[in-house]
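Thank you all for coming; I would like to walk you through one structure this morning, taking it a piece at a time. Please have the sequence and the model open as I go.

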Amino acid sequence: MAISISRPPSSGKNVLGFDAINDRFNEVHIREGEVVDYDIRVHELMKAELSSAHVLPDITNQTGVLSDYPYYLDLHRHLGRIWQPFDDPESPPFNHEYGQIVVGGLALAGVVKLFVEQYGDFFTFDVRKQYREKTTEDWRTEWREIGQAALDPSLFSDEYINDKLAIFTNPALERNQAGPNASLVLRPLSWAGWCWGLIARDKYDSITYKRCGNPRSCIREIPSMLPFGKSGRKQRFCSNRCKIAERAHRQKIKESAKTDTLKAIKNRQSANLNCRGN
Ligand SMILES: [Zn+2]
């Protein structure tokens, strides 16, 4: 059985984590020292309280440049790497972008903020309509569990994974591109659902992962099969950034090899001259 997951929403102004009112990514507020909340929700509450005499910003008419959509095909394993880094001298441990979450305390808020700027909220794709109240500690606990399950799916029972899927995903019928057929897919309601969907796929469809083609400065991974139900083109890099970095690196190696060869030829030539001189 191949488990398919539908793509997280990402189009236009509904891009995850984007606050169209203020034309920027959602500002996180850590309420009561630990509850993750968003200023866009505060704004919505104000809107409900204000009388109709007040002019409020029009959410549909905003424009703004969105940042690149982040890489997410290994998100579950990427979270696992916070606690279990690669044993690789090229990528030192504890340089994980979310590494501070291990420290806890005040550092948690910073990690949550960083994640929201890149991906949006972790427990809902829509902080306005389906807000789920979670503390920074809830984030850490869920990330840790996801990370453990991602790197070793045998740690969690089928029932446990089922429960997670029931909380964070919906079953959905999606039509195949050509023809009247439809497939049953997992529709994630949040990044948490996305991660548990990937875990289910890894466990039951034996998906494997390979390091991004730019392992010197990147710890992301590429799945052996895309989660969207069709094979697609084989991917070597997690992003264009890594593709360009790797190309530049190869170019540098080539050039230094060329310089070395030239140097060797010159040395040989001068050695020969010296021999003749003697
Ligand atoms: Zn990469």
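Let me begin with helix α2, in which L75, H76, R77, H78, L79, G80, R81 and I82 are buried. I should say at once that this is a predicted model, and that what I describe has been computed from it. The helix covers residues 75-83, and because eight of its nine residues are buried, α2 is largely enclosed by the rest of the structure. What, then, covers the buried residues of α2? The covering elements include two helices, α4 (136-151) and α6 (191-205), together with β8 (209-211) and β9.

Since α4 has come up, let me stay with that helix and turn to its packing against α3. Two packed helices are described by the angle between their axes and the distance between the axes. For α3, which spans residues 107-119, and α4, the axes come within 9 Å and cross at roughly 70°, and α3 is therefore roughly perpendicular to α4. On the α3 side the residues that meet are L108, A109 and V112, and on the α4 side they are T136, W139 and R140. In character, the residues of this contact between α3 and α4 divide into four nonpolar, one polar and one charged.

Next, the strands, where I will take β4, residues 35-38, as the reference. Which residues of β4 lie on its covered face, and which on its uncovered one? V36 and Y38 make up the covered face, whereas V35 and D37 make up the uncovered one. On one hand, β4 pairs with β3 (residues 28-31) in the antiparallel sense, over four bridges, and within that pairing V36 is the bridge partner of I30. The two strands form a hairpin with three residues between them, and in the turn E32 has a positive phi of about 50°. On the other hand, β4 also pairs with β5, residues 134-135, again in the antiparallel sense and over two bridges; here V36 stands opposite K134. V36 thus appears in the pairing with I30 and in the one with K134.

Finally, I would like to return to β9, which spans 221-223, and to the loop between β9 and α7 (240-277), where R236 lies. Is R236 buried, exposed or partly exposed? There are 13 other C-beta atoms within 10 Å, so R236 is partly exposed. Although R236 and P223 are 13 residues apart in sequence, their C-alpha atoms are 9.8 Å apart in space.

Terms used
Residues are numbered from 1 along each chain as its sequence is written. This is a predicted model: local features need pLDDT of at least 70, side-chain atom pairs count only at pLDDT 80 or more; totals for chains, interfaces and linings use all residues. A residue is buried if 20 or more other C-beta atoms lie within 10 Å of its own, exposed if 12 or fewer, and partly exposed in between; C-beta atoms are placed from the backbone. Two strands pair if DSSP finds at least two bridges between them. Two residues are in contact if their C-beta atoms, placed from the backbone, lie within 7 Å. Axes are lines fitted to C-alpha atoms, for helices over the stretch in contact, and angles run from 0 to 180 degrees between N-to-C directions. Angles under 35 degrees count as roughly parallel, over 145 as roughly antiparallel, 65 to 115 as roughly perpendicular and the rest as oblique. Ala, Val, Leu, Ile, Met, Phe, Trp, Tyr, Cys and Pro count as nonpolar, Asp, Glu, Lys and Arg as charged, and the others, Gly among them, as polar.
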